[in-house]
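Visitor: I am new to this structure and would like a close look at a single part. Please take one strand and follow what surrounds it.

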Amino acid sequence: MCKGSGMMVEVKRINYVDLDILEKITTWLYEFEGKEKGYSYDEVKSFMKTGMSNDYPYTYGIFLDNKFIGMCQVSYGILEIGGVYYPWFMNMYIDKDYRGKGYCRRLFNEIKNILRETTDFTMAIASSEYDDFLDRLDCFYLCDVEMKLNGKTTKEKIYRIVLR
C-alpha cells in the first residue's frame, strides 16, 4: 500500500472470483491479444477464472483508491531452464486510461518483492512479443523463442528477472 498525492495504490493477489474483475480482465486480454491469437471470449474467461483461485496461475491486481486498474499473473512450469521451472510473469496489463503513469512498473516491482519474500527462487522469467517493454522494466534479455498456443505460433522474447 502506498499513498502518493492523496491516492492509495495497492497491489494484492486476487484469489477469489470477483465477477466484475473477471469480466474486466477477460475483456482486456481478449481484446489485447486473445481474439488475434484465435481464442474465444469464453476460453479467455475460463483461463482468467482459473487464475482467480488458489491454483496457478496466481493473479495479482493493482488498485488505485480501490479501483481495479491492472493485473499480472505468475505461473510456474511453463519454461524449463537447466531442469528447473521458474516463476513466469505473464498477462501483464494496465487499463489504457492509466498507462504511462508508472503503474505497470509498480505492479511488476511489487510482485517481484512478493516472490522474494515467499520463495527461494533467484530469478523469474517473462516473455513479450513487444520490443523493449520488458527492457524498460529492467529485465535481462535471454533469447527469442517460438511459442505455440492454440495452433498459432508467435515469436516472443524471453527475459530474466533478478529476484536475488
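Guide: What follows is a walk around strand β4 in a predicted model. Strand β4 covers residues 67-75 and is mostly covered, with 8 of its 9 residues buried.

On one side is strand β3, residues 58-64, which pairs with β4 in the antiparallel sense over 7 bridges. Within this pairing, I62 has G70 of β4 as its bridge partner. The two strands, β3 and β4, form a hairpin with 2 residues between them. D65 is in the turn, and its phi is positive, at about 50 degrees.

Strand β4 also pairs with β7; these two run antiparallel and are joined by 5 bridges. Here V74 stands opposite F89 of β7.

Strand β7 in turn leads to the largest pocket, which has a volume of about 1,100 Å³. The pocket is lined by 38 residues, and the closest to its centre are F32, E33, M90, N91 and M92. β7 gives the most to this lining, namely 7 residues. Other elements that each supply at least two lining residues include α1 (19-34), α3 (103-118) and β9 (140-149). By residue type, the lining divides into 23 nonpolar, 9 charged and 6 polar.

Aromatic rings come next. The count of aromatic pairs is 12. One of them joins Y56 and Y76 edge-to-face, with 4.6 Å from centre to centre and 75 degrees between the planes. Y56 lies in the loop between α2 and β3, while Y76 lies in the loop between β4 and β5, so this pair ties together parts that are 20 residues apart in sequence. Y56 is partly exposed, at a relative accessible area of 40%. Y76 also counts as partly exposed, with 22% relative accessibility.

Ring pairs also link F68 into a cluster with W28, F32, F63 and Y93. F32, a member of this cluster, is also among the residues closest to the centre of the largest pocket. F63 has a further neighbour: K12 lies over the face of its ring, at 4.6 Å from the ring centre. A second charge of this kind belongs to R13, whose charged end sits over the ring of Y58, 3.5 Å from the centre of that ring.

To return to the strand itself: β4 has antiparallel partners in β3 and β7, and 8 of its 9 residues are buried.

Conventions
Residues numbered from 1 in each chain as written. Predicted model: local features only at pLDDT ≥ 70, side-chain atom pairs only at ≥ 80, totals over all residues. Heavy atoms only, no water. 1 Å grid on protein atoms, 1.4 Å probe; cavity = no way out; pocket = protein on both sides within 12 Å on 5 of 7 lines; lining within 4 Å. Points joined across faces, edges and corners; volume = space filled by probe spheres on them. Helix = DSSP H or I, 4+ residues; strand = E, 2+ residues; numbered from the N terminus. Nonpolar A, V, L, I, M, F, W, Y, C, P; charged D, E, K, R; others polar. Buried < 20%, exposed > 50% of the residue type's maximum accessible area, 1.4 Å probe, protein only. Pairing = 2+ DSSP bridges. Phe/Tyr/Trp six-rings, centres within 6.5 Å; stacked < 30°, edge-to-face > 60°. Lys NZ or Arg CZ within 6 Å of the ring centre and 35° of its normal.
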